[in-house]
Each structure stands twice: as C-alpha cells, then as structure tokens.
Amino acid sequence: MSTRATIRFASREAGITFNQHPKKWYAQFYKHHDGYPEGLGVDIAESILNNEKLSGWELEHVDAIHGDIEFMYYVWQDFNKNIWISIFEMHQWTDKDDECIFVGRPDKLIGKYKQNTNYDG
C-alpha cells in the first residue's frame, strides 16, 4: 500500500503558527509512496541538514488537492530564519480532523523519527 503525501513550502511570517495549515504556500510537491514521517520526514530533514538529494517527488500547481493523502508536510522558511517543519496526519478515511503530529526543526524531526539514531544536529 502506498503512503501518499503532499509537501508544501510556506513562508515564515508573523502571526502564522506552525501547527495549523497556512492559507498560502509558494510551492507544492506530491509523493506517491513512503510519505510517512519515518521515511519522507527524515528524508526532508536530512536533505536540509546534509544537502542530500531527494527523489520521487512530483511538482504540482499550488492549487492541486489530493483526496487520498495520508500526510501533509509544510517546510517553513524565510531569509535569515531557521527552517521548521510541520507534519499533519490527514485522517482521510475517518471522521477525525487533521492532526498536527510534529512541529520542529529538522534535527528534532530526525531525533524523533529516525530509527536507531544518536543524531545531535
């Protein structure tokens, strides 16, 4: 079974919290498989920290909406500010609301989700 995810890039702005979906983002990608935090989340964090290449992403228009994604990622960035990442579990096939399951910097994501790691950042 595929674990689908959408990855959005949003600007860090005053008054916008990381644990809620923003109203605007400036780029969006889709990943058809391995979208869970222990896979895609760690890949994103390691790419940011170690300049590792990412693959298997599809560039989408910012208006594209998938009804079958399980995780939504936001990479928050702006000039002269640290990058933060938010992960939402979407609960597409239940009555539960979207749930923010992670907010933090890339090193904290790796510490939480990468198996068998002693990553210190």
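Strands S1 (residues 5–11) and S4 (residues 71–77) pair in the parallel sense, over seven bridges. The model is predicted. Two partner pairs place the two strands against each other: Arg8 stands opposite Tyr74 in S4, and Ser11 stands opposite Gln77 in S4.

Both strands are well covered. Six of the seven residues of S1 are buried, so S1 is largely enclosed by the rest of the structure. S4 also has six of its seven residues buried, so S4 too is largely enclosed by the rest of the structure.

**Strand pairing**

S1 and S4 each have a further partner. S1 pairs with S2 (residues 27–31) in the antiparallel sense. In that pairing, Ala5 has Lys31 of S2 as its bridge partner. S4 runs antiparallel to S5 (residues 84–89), and Val75 stands opposite Ile85 in S5. S4 and S5 form a hairpin with six residues between them. In the turn of this hairpin, Asn80 has a positive phi of about 60°.

| Strands | Sense | Bridges |
|---|---|---|
| S1 and S2 | antiparallel | five bridges |
| S1 and S4 | parallel | seven bridges |
| S4 and S5 | antiparallel | six bridges |

In a regular strand, side chains alternate between the two faces of the sheet.

**Around the strands**

Thr3 lies in the segment before S1. Its relative accessibility is 16%, and a residue under 20% is classed as buried, so Thr3 counts as buried. Leaving out residues up to four places away in sequence, Thr3 touches Lys31, His32, His33, Asp34, Gly35, Tyr36, Glu70 and Phe71. Two of these names recur in the strands: Lys31 is the bridge partner of Ala5, and residue 71 belongs to S4.

Gln20 sits in the loop between S1 and S2. Which residues does Gln20 touch, not counting residues up to four places away in sequence? They are Trp76 and Phe88. Residue 76 falls in S4 and residue 88 in S5. Gln20 and Cys100 are 80 residues apart along the chain, yet their C-alpha atoms are separated by 7.3 Å.

**Helix H1**

Helix H1 covers residues 37–50. Its buried residues are Pro37, Gly39, Leu40, Gly41, Val42, Ile44, Ala45, Glu46 and Ser47. The charged residue Glu46 is thus listed beside carbon-rich ones such as Leu40 and Ile44. Just after H1, Asn51 takes a positive phi of about 55°.**The chain as a whole**

The protein chain holds two helices and six strands. Along the sequence they follow the pattern β-β-α-β-β-β-β-α.

What radius of gyration would a compact globule of 121 residues have? It would be near 14 Å; the protein chain has 14 Å, which agrees. The C-alpha trace spans about 35 × 35 × 25 Å along its principal axes.

Of the 121 residues, 40% count as buried. Among contacts with a separation of 6 or more, 61% join residues 24 or more positions apart. The chain exposes about 7400 Å², and carbon and sulfur atoms supply 46% of that area.

The charge count is 13 positive and 19 negative side chains. The centres of the two sets lie 6 Å apart.

Note on methods:
Residues are numbered from 1 along each chain as its sequence is written. This is a predicted model: local features need pLDDT of at least 70, side-chain atom pairs count only at pLDDT 80 or more; totals for chains, interfaces and linings use all residues. Side-chain values use heavy atoms; hydrogens and water are left out. Buried means under 20% relative accessible area, exposed over 50%, partly exposed in between (1.4 Å probe, protein chains only). Helices (H or I, at least four residues) and strands (E, at least two) are DSSP runs, numbered from the N terminus. Two strands pair if DSSP finds at least two bridges between them. The radius of gyration is taken over C-alpha atoms; the globule rule is 2.2 Å times the number of residues to the power 0.38. Contact means heavy atoms within 4.5 Å. Accessible areas come from the Shrake-Rupley method with a 1.4 Å probe; for residues, only the protein chains shown count as cover. Lys and Arg count as positive and Asp and Glu as negative; His and the chain ends are not counted. The place of a charge is taken as NZ of Lys, CZ of Arg, CG of Asp or CD of Glu.
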